[in-house]
Amino acid sequence: MRVHEYQAKKILSDSGVPVPQGAVAETPEGAREICHQLGKPVVIKAQVHAGGRGKGGGVKLASSPEEAERAASSILGMQLVTPQTSARGVKVRRVLVEEAVQIQKELYLGMVIDRAAATPVVIASESGGVEIEEVAASDPEKIRKVDVDPGVGLLPFQARRMAFELGLPGGLISSWGHLVSSFYRAFVDNDAFLAEINPLGILEEGRLLALDAKMNFDDNALFRHPKIEQLRDVEEEDPLEVEASRHSVNYIRLGGSIGCMVNGAGLAMATMDLIKLCGGEPANFLDVGGGASVEQVENAFRILVSDRAVKAILINIFGGILRCDVLAQGVIEAASQLKVKVPIVVRLEGTNVEEGRDLLKRSGLNFTVAADMQDAAEKAIARSQGSNR
């Protein structure tokens with residue numbers, strides 16, 4: 001789960017990370033009032049779940065309440081297009097109004113989980129304000145990493161060593177150590193799997209300040225963090241993905257025309273790879289899970305066909321916990337109720353596979369049963385090219 005910049009800054013601030021003064025506004029008048037209360041120049045920042053907002057016109061400076069109102073008016077309601085959005089962009093519904101500061105230098109500070117090493121990793125760079133991927137590609141020697149033993153946490157000497165490697169002046173070593181320790185605590189205590197402060201500003205008066213913030217959280221751990229779960233903004237998410245989450249279906253929309261329904265994440269990835277290998281484009285990732293019921297299969301199928309880009313459907317099931325006959329019954333009921341007109345290719349193997357195939361054949365619906373995965377992918381691609389949807 002992702003949160004907005006202002007929400008991430010609140011979480012970091014609660015753990016001791018210094019952030020600029022500011023507040024959120026949903027109207028131009030609200031932005032004017034916040035600027036008036038701060039009594040200083042401000043920066044107006046669109047609050048959307050995408051980076052690169054400045055390049056799309058979503059970040060503006062204002063030196064007075066009147067300018068803040070005009071800037072907010074131009075940003076609120078716009079369809080903001082950035083390198084991280086689709087071509088149609090995302091609608092801006094709120095802005096963050098916070099104090100503008102004089103920056104001496106911009107740093108990068110981030111944290112992720114290294115799954116291979118099974119540890120959190122603190123990442124820092126002297127090149128802040130740009131995407132860390134760009135720094136890694138152009139100047140990899142400017143990236144510093146520290147693996148943190150989760151049993152003991154981030155140790156003071158690790159933070160100090162990173163500060164020396166970044167070339168920070170001696171007067172900032174102590175405040176850097178406090179900030180990085182607070183950042184680590186916010187990451188671990190809230191079950192985040194990604195956190196970034198980019199840029200982390202060194203101000204002219206010699207302070208460190210988190211000028212931007214991003215945090216993503218582990219969905220599977222949200223039951224431990226109800227306050228964070230309440231920060232979810234479904235308006236920033238794909239409606240079909242939101243609907244899928246309500247039915248405990250793992251669904252991610254992609255850009256292709258072959259709708260996929262698979263049980264098991266590994267098999268789903270292999271199915272999408274095979275579609276690509278055979279010259280097609282998957283429309284989605286959809287994992288109904290190992291123990292899905294008829295009702296869950298129906299819900300998954302309904303979500304799948306709601307994507308108007310889908311020209312054909314490929315169902316690839318290896319029946320273990322989820323029996324092939326249960327899957328077949330759910331697909332038949334869903335296809336009948338929704339009056340699905342796109343071609344459906346089915347590949348079944350595993351528990352009760354013959355019963356499942358027999359149900360599909362006797363359904364009277366337009367199912368194509370494939371012999372294996374490659375046959376299924378090729379047939380789905382061929383059927384999609386003849387679809388009139």
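Is Glu 66 buried, partly exposed or exposed, and what is its relative accessible area? Glu 66 is partly exposed, with a relative accessible area of 35%. The points below start from this residue and then move to other parts of the structure, which is a predicted model.

1. The partner of Glu 66 is Arg 32, and their side chains meet in a salt bridge with an N to O distance of 3.3 Å. Glu 66 belongs to helix H3 (residues 65-75) and Arg 32 to helix H2, so the pair, whose members are 34 residues apart, links distant parts of the chain. Arg 32 counts as partly exposed too, at 33% relative accessibility.

2. Side chains of opposite charge can pair when their charged atoms come close. In the whole structure, a search finds 26 salt bridges. One of them joins Arg 94 to Glu 26, with the closest N and O atoms 3.9 Å apart. Arg 94 sits in the loop between strand E5 (90-91) and strand E6 (95-99), while Glu 26 sits in the loop between strand E1 (22-25) and helix H2 (28-38), so this salt bridge ties together parts that are 68 residues apart in sequence. The surroundings of the two residues deserve a careful look: Arg 94 counts as buried because its relative accessibility is 12%, under the 20% limit for that word, whereas Glu 26 counts as exposed at 55%.

3. Another salt bridge is formed by the side chains of Asp 307 and Arg 253, which are 3.3 Å apart, N to O. Asp 307 is in the loop between helix H10 (294-305) and strand E16 (312-319), and Arg 253 is in strand E13 (residues 250-253), so the pair ties together parts that are 54 residues apart in sequence. Asp 307 is buried, its relative accessible area being 3%, and Arg 253 counts as partly exposed at 28%.

4. Some salt bridges share partners, and in this way Glu 5, Lys 9, Lys 45, Arg 53, Glu 98 and Asp 212 are joined into one network. Asp 212 is a useful residue to follow here, and its place is in the loop between strand E11 (208-210) and strand E12 (214-217). With a relative accessible area of 18%, Asp 212 is buried. The side chains of Asp 212 and Arg 53 are also joined by a polar contact of 3.1 Å. When residues up to four places away in sequence are not counted, Asp 212 touches Glu 5, Lys 9, Lys 45, Arg 53, Glu 196, Ile 197, Asn 198 and Pro 199.

5. Two of the residues touched by Asp 212, namely Asn 198 and Pro 199, should be examined for their backbone as well. The peptide bond from Asn 198 to Pro 199 is cis, with omega near 10°, and Pro 199 is found in strand E10 (residues 192-203).

6. Positive phi values also deserve a check. Ala 118 is not a glycine, yet it has a positive phi of about 60°; this residue lies in the loop between strand E7 (103-114) and strand E8 (119-125) and is exposed, with a relative accessible area of 56%. Asp 191, likewise a residue other than glycine, has a positive phi near 55°, and its place is in the loop between helix H6 (173-189) and E10.

7. Which residues of helix H5 are buried? They are Gln 158, Ala 159, Met 162 and Ala 163. These residues cover an arc of only 140° around the axis, which puts them on the same side of H5. Among the elements that cover them are E8, E9 and H6. On the face of H5 turned away from this buried side are the exposed residues Pro 156 and Phe 164. Just after H5, Gly 167 takes a positive phi of about 75°.

8. The last point concerns the surface, where Val 152, Leu 155 and Phe 157 make a nonpolar patch of about 260 Å². Val 152 lies in the loop between strand E9 (143-147) and helix H5 (156-165), and at 56% relative accessibility it counts as exposed.

Conventions:
Residues are numbered from 1 along each chain as its sequence is written. This is a predicted model: local features need pLDDT of at least 70, side-chain atom pairs count only at pLDDT 80 or more; totals for chains, interfaces and linings use all residues. Side-chain values use heavy atoms; hydrogens and water are left out. A salt bridge is a side-chain nitrogen of Lys or Arg within 4 Å of a carboxyl oxygen of Asp or Glu. Helices (H or I, at least four residues) and strands (E, at least two) are DSSP runs, numbered from the N terminus. Buried means under 20% relative accessible area, exposed over 50%, partly exposed in between (1.4 Å probe, protein chains only). A polar contact is a pair of N or O atoms within 3.5 Å; within protein, one must be able to donate a hydrogen and the other to accept it, and residues adjacent in sequence count only if both atoms are side-chain atoms. Contact means heavy atoms within 4.5 Å. Patches are made of residues with over 30% relative accessible area and no salt bridge: like charges are joined within 9 Å, nonpolar side chains (Val, Leu, Ile, Met, Phe, Trp, Tyr) within 5 Å. Accessible areas come from the Shrake-Rupley method with a 1.4 Å probe; for residues, only the protein chains shown count as cover. The arc is that of the directions from the helix axis to the C-beta atoms.
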